[in-house]
Amino acid sequence: MNTETVTLIGIGVALLSALVLLFRWLRQDIQALRQDMRDMEARLNSRIDALSSRIDAVNSRIDSLFSRTGSAA
C-alpha cells in the first residue's frame with residue numbers, strides 16, 4: 001500500500017469515529033430531552049388535576065348556594 005492509501009484510510013476511520021461519537025452524544029441528548037418532556041408532562045397533569053379539584057369544589061359551593069336559595073324561596 002502506498003502512503004496516500006494509508007492516509008485516506010486513516011482519515012476515513014477518523015471521520016467514522018467522529019460520526020459515531022457525534023451520534024452517541026445526540027442520542028444521549030435526545031434521551032435527556034425525552035425524560036424532561038415526561039417530567040414536564042407529569043407536572044402539568046398534576047396541576048391539571050389540582051385545578052380540576054378546585055373547580056369541582058367551586059361547583060359544589062355554587063350548587064350548595066343555589067339549593068339554599070331555592071329552598072328559601
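Analyst: Helices (H or I, at least four residues) and strands (E, at least two) are DSSP runs, numbered from the N terminus. The model here is predicted: local features need pLDDT of at least 70, side-chain atom pairs count only at pLDDT 80 or more, and totals for chains, interfaces and linings use all residues. Residues are numbered from 1 along each chain as its sequence is written, and side-chain values use heavy atoms, with hydrogens and water left out.

User: How many helices and strands does the protein chain have?

Analyst: The protein chain has 1 helix and 0 strands. Helix α1 covers residues 3–72, and Trp25 belongs to it. Met40 sits in helix α1, as do Leu51 and Arg61.

User: Why is the protein chain called more spread out than a compact globule?

Analyst: Its radius of gyration (over C-alpha atoms) is 31 Å. For 73 residues the globule rule (2.2 Å times the number of residues to the power 0.38) gives 11 Å. The value is well over that, so the chain is more spread out than a compact globule. Along the principal axes, the C-alpha atoms fill a box of roughly 105 × 10 × 5 Å.

User: Which C-alpha separations go with that box?

Analyst: Arg61 and Val20 are 41 residues apart in sequence and 62 Å apart in space, C-alpha to C-alpha. Leu51 and Gly10, also 41 residues apart, are separated by 61 Å. Met40 and Gln28, 12 residues apart, have C-alpha atoms separated by 18 Å.

User: Why is Arg61 called exposed?

Analyst: Exposed means over 50% relative accessible area, buried under 20%, partly exposed in between (1.4 Å probe, protein chains only). Arg61 has 60%, so it is exposed.

User: What makes Leu51 partly exposed?

Analyst: Its relative accessible area is 49%, so Leu51 counts as partly exposed. Met40, at 44%, is therefore partly exposed too.

User: What share of the protein chain is buried?

Analyst: Buried residues make up 0% of the 73 residues. The accessible surface (Shrake-Rupley) comes to about 6800 Å², and 63% of it belongs to carbon and sulfur atoms.

User: Which residues make the nonpolar surface patch?

Analyst: Leu19, Leu21, Leu22, Trp25 and Leu26 make a patch of about 510 Å². Patch residues have over 30% relative accessible area and no salt bridge; nonpolar side chains (Val, Leu, Ile, Met, Phe, Trp, Tyr) are joined within 5 Å, like charges within 9 Å. A salt bridge is a side-chain nitrogen of Lys or Arg within 4 Å of a carboxyl oxygen of Asp or Glu.

Note on methods: Areas by Shrake-Rupley, 256 points an atom, 1.4 Å probe, with all protein chains shown as cover.
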